[in-house]
Amino acid sequence: MYNVKKLLSLILMLSITILIVACNNTTEMIDDQSYDDDNNLIVVGFSQPGAESAWRVALTDSVKEAFTEEKGYKLIYKDGQSKQDNQIRDIRTFIQQGVDYIILSPIVETGWDTVLEEAKEADIPVIICDRDVMVSNEALYTAFVGSNFAAEGKKAITYMENKYKPDAEGNLPRVNIVHIQGTMGSSAQIGRSKALEKGLEEHENWKVVAEGSGDFTKAKAKEIMKNALQQVHSSEIDVIYCENDEEALGAIAALDEAGIPHGDGTGITIISFDATTSALKLCMEGKISLVVECNPLQGNYLYNMISLLEEGEAAPKLTYVDEGQFTKDDLTEEFIDERKY
Ligand code: AHR
């Protein structure tokens, strides 16, 4: 009797073990099945440098909205946490995963040759978006979709030239500038800074009185502005040239904390780039004098580009997104409310 019991419990244990193994196999099969389903979708790996600004969050949302499963795409999104090394690692992961396309928004312009060569060897087209790359061979990427940062900077400089004209006797006004730069080495910073540098060369009365990188963030820009106010008296500042809206918000926070008036009717003109809702509101209130638009709604441009490639057509190598500029006179509450970012 005892042996029969023992035999029965042995059979029971064996059955449970077989069941567990079978279940595990089923799980694998289900995974394989969903992988097969994914294979019917066009897989796009999207490498973002980070989430440092409202602008960048808008870019991420725009790309996610463009590449949906309903439209036949699977988007793999990676955030590089503001580090180029992380972005390079993310691209290598995309290559290993065998994605169909890679979209890269590069944190800085240089240092991409090797990983782009690896993508080329794996036959994966890479589309550079938002910011540009400087590579030894432009054939390393398929196309660029993004902003013309030099043109954006030029808009700011033209505004300054019109605002600070010589008087009737030809006397040049003083134009002392606090320059808050973006992430050093990014094409957004390079294009906007170069435009200002050219303006400085062409206008002997323009002078940078304080400068530093706010890394496109509000917190760092606030620190730069606070330091600037320790070096220069506020009455010696005419223009604060902020290379994005977050930085303008940071500079304004530092001025407000120090009780320094700024904007219309004061001696301090603030210039910013991006045209996010919060900056446009401040522009409408006269606190920011000019906002140059940098358009993050690039998802559809990228979608159209990849659709062309899917049809076997050649994609244009360079596509700039539409961008404008805003002063108080261009803005209404309705207009700002309707904007997507
Ligand atoms: O590359 C575009 C810039 O990057 C935007 O001006 C800024 O807000 C973002 O972080």
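Ser82 is partly exposed, with 46% relative accessible area. In this predicted model, Ser82 sits in the loop that joins strand E2 (73-79) to helix H3 (84-97). Its backbone is notable in one respect: Ser82 is not a glycine, yet its phi is positive, at about 60°. Asp215 shows a positive phi as well, near 55°, and is likewise a residue other than glycine. Asp215 belongs to the loop between strand E7 (206-213) and helix H7 (218-231), and its relative accessible area of 23% makes it partly exposed.

Strand E2 also leads to the aromatic residues. Seven aromatic pairs are counted in the model. In one of them, Phe46 and Tyr77 have ring centres 5.9 Å apart and planes at 50°, a tilted arrangement. Phe46 lies in strand E1 (residues 42-48) and Tyr77 in strand E2, so that the pair links distant parts of the chain, 31 residues apart. The two partners differ in their surroundings: Phe46 is buried because its relative accessible area of 0% falls under the 20% limit, whereas Tyr77, at 26%, is partly exposed.

A further pair, Phe144 with Tyr320, is edge-to-face, with 6.2 Å from centre to centre and 80° between the planes. Phe144 is in strand E5 (residues 143-146) and Tyr320 in strand E11 (residues 318-320), so this pair ties together parts that are 176 residues apart in sequence. Here Phe144 is buried at 2% relative accessible area, while Tyr320 is partly exposed at 38%. In addition, Phe67, Tyr73 and Tyr303 form one aromatic cluster.

The packing of helices can be followed in H5 and H6. Two packed helices are described by the angle between their axes and by the distance between those axes. For helix H5 (residues 149-163) and helix H6 (residues 187-202), the axes come within 7 Å and cross at roughly 35°. The crossing of H5 past H6 is right-handed. On the H5 side the contact includes Phe149, Ala150, Ile157 and Met160, and on the H6 side Ala188, Ala195 and Leu196 are among the residues involved. By class, the contact comprises seven nonpolar, four polar and five charged residues.

The cysteines complete the description. A disulfide is a covalent bond between the sulfur atoms of two cysteines. A search of the whole structure finds zero disulfides. Cys283 is buried, with a relative accessible area of 0%, and Cys294 is buried at 2%.

How values were computed: Residues are numbered from 1 along each chain as its sequence is written. This is a predicted model: local features need pLDDT of at least 70, side-chain atom pairs count only at pLDDT 80 or more; totals for chains, interfaces and linings use all residues. Side-chain values use heavy atoms; hydrogens and water are left out. Axes are lines fitted to C-alpha atoms, for helices over the stretch in contact, and angles run from 0 to 180 degrees between N-to-C directions. Helices (H or I, at least four residues) and strands (E, at least two) are DSSP runs, numbered from the N terminus. A crossing is left-handed if the near helix is turned anticlockwise from the far one by less than a right angle, and right-handed if clockwise. Contact means heavy atoms within 4.5 Å. Ala, Val, Leu, Ile, Met, Phe, Trp, Tyr, Cys and Pro count as nonpolar, Asp, Glu, Lys and Arg as charged, and the others, Gly among them, as polar. A disulfide is a pair of cysteine sulfur atoms within 2.5 Å. Buried means under 20% relative accessible area, exposed over 50%, partly exposed in between (1.4 Å probe, protein chains only). Rings of Phe, Tyr and Trp (its six-membered ring) pair if their centres lie within 6.5 Å; planes under 30 degrees apart count as stacked, over 60 as edge-to-face and the rest as tilted.
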